[in-house]
Amino acid sequence: MTDTITIPRPDDWHLHLRDGAVMEGVLPYTARQFGRAIIMPNLVPPVTTIDAAAAYRDRIVAALPEGAAFTPLMTAYLTDDTDPADIRAGFEAGVFTAAKLYPAGATTNSASGVTDVANVRKVLETMAEIGMVFCVHGEVTHADIDIFDREAVFIERALAPLVRDLPELKVVFEHITTEEAADFVAESGPNVAATITPQHLHINRNAMLVGGIRPHAYCLPVAKREHHRLSLRRLATSGNERVFLGTDSAPHAREAKENACGCAGIFNAPYALESYATVFDEEDALDAFEAFASRNGPAFYGLPVSEETVTLVREEQQVPATLELAGTHYVPFHAGETLGWKLAG
Ligand SMILES: NC(=O)N[C@@H](CC(=O)O)C(=O)O
Ligand SMILES: [Zn+2]
Ligand SMILES: [Zn+2]
């Protein structure tokens, strides 16, 4: 039985750090495990310009714990008015690593998002031309579409046509949650990749709704039926080089989650690597973990694999019920549970 895993320092290809005191509170959890992270731009106001992204990056670097070797990879928040020239300039200046599409109204701080993918067609053509990665929250937002169907409908109505029209565009289908998305990615060409969160590998929708309503299991896209979860686990552990680690760690204060209208998001950064290692261990696929966590993401983004390493040991640890930060409490994923893996050092 494998009791230690030593891999190149992984990266988190989908991370919400927020800003100010919350960012200072959550950043150390990520910097302890990951060398780089794609920093999502859905702040208030959203990070839509080169200057805003550069300033945000500088705030993150300034907040890093002493001696932490962590590189934030910044993204542009696309809107209906995004100018292709700005995206090109930001990418060529090395400020934007990618651009993120939030369908307007789809999730946290997405009100300024894109109302129709057609509105950013010129931006996407520019991104395809310069080789800039397009990250997408893949859900439709029409009121008549059931929330459990929004990702599958997005593939049909928006993503599949886009990939057909712009096969040279490098697309990361973020936080996939369905068998349809897993199949779409598996059947797509070399320019379509996906991130998968730890929660969507661990829970199905029962975790949110059976025996009481559990707001800390609620995120978007919402957790689906069991067969979807199993298809994600199969894809994550399959060795497919276009699937990689993206936690979608999305911190919201306990009072914002335990609420009549609770925020969407699961704060999984504190125990992310241990959470993923548990899944690969359960699937008897620890040999596939290094590619998923440390190699596939850099390869897709055209970045080097880390020269540093991290080690996980098979050792139990208790996950606390809450973590105090920014003057209040945040509930981590796996709160109150015992995990069977521990990050050494
Ligand atoms: N995933 C979530 O449920 N929420 C994310 C936004 C997102 O990734 O959709 C957040 O920023 O809170
Ligand atoms: Zn999202
Ligand atoms: Zn996200």
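## Ligand 1 and its contacts

An oxygen atom of ligand 1 lies 2.9 Å from a side-chain N or O atom of Asn42. The model is predicted. Two further residues make polar contacts with ligand 1. Leu220 uses its backbone: one of its N or O atoms is 2.7 Å from a ligand oxygen. His252 uses its side chain, with a polar atom 2.9 Å from an oxygen of ligand 1. On its own, ligand 1 would expose 310 Å², and the protein buries 100% of that area.

## The surrounding shell

Ligand 1 occupies the largest cavity. Its shell holds 15 residues. Arg18, Thr107, Thr108, Leu220 and Asp248 are the closest of them. Leu220 thus appears both in this closest group and as a backbone contact of a ligand oxygen.

What is the chemical make-up of the shell around ligand 1? Nine of its residues are polar, four are nonpolar and two are charged.

## Zinc ion, ligand 3

Three residues supply the protein donors of the zinc ion (ligand 3). They are His14 through NE2, His16 through NE2 and Asp248 through OD. These donors lie 2.0 to 2.1 Å from the metal. Asp248 is also listed among the residues closest to ligand 1. The sequence spacing of the donor residues reads H-x1-H-x231-D.

Why is the arrangement at the zinc ion (ligand 3) irregular? Its four donor atoms subtend angles of 88 to 139°. Four donors count as tetrahedral only if all angles lie between 85 and 135 degrees. The upper end of the range, 139°, falls outside that window, so the arrangement is irregular.

## Zinc ion, ligand 2

The zinc ion (ligand 2) is coordinated by two histidines, His137 through ND1 and His175 through NE2. Both are given at 2.1 Å. Four donor atoms surround this zinc ion as well. Their angles run from 55 to 146°, and the arrangement is therefore irregular. For reference, the ideal angle for four tetrahedral donors is 109.5 degrees.

## The zinc pair

What distance separates the zinc ion (ligand 3) from the zinc ion (ligand 2)? The separation is 3.6 Å. On one side of the pair, the protein donors are His14, His16 and Asp248. On the other, His137 and His175 coordinate the metal.

Key
Residues numbered from 1 in each chain as written. Chains lettered and ligands numbered in written order. Predicted model: local features only at pLDDT ≥ 70, side-chain atom pairs only at ≥ 80, totals over all residues. Heavy atoms only, no water. Near = heavy atom within 4 Å. Polar contact = N/O pair within 3.5 Å; in protein donor to acceptor, adjacent residues only side chain to side chain. Areas by Shrake-Rupley, 256 points an atom, 1.4 Å probe, with all protein chains shown as cover. 1 Å grid on protein atoms, 1.4 Å probe; cavity = no way out; pocket = protein on both sides within 12 Å on 5 of 7 lines; lining within 4 Å. Sits in = over half its atoms within 2 Å of the grid points. Nonpolar A, V, L, I, M, F, W, Y, C, P; charged D, E, K, R; others polar. Donors = N, O, S within 2.8 Å, 3.2 Å for Na, K, Ca; no water. Tetrahedral: all angles 85-135°; square planar, octahedral: opposite > 155°, others 65-115°.
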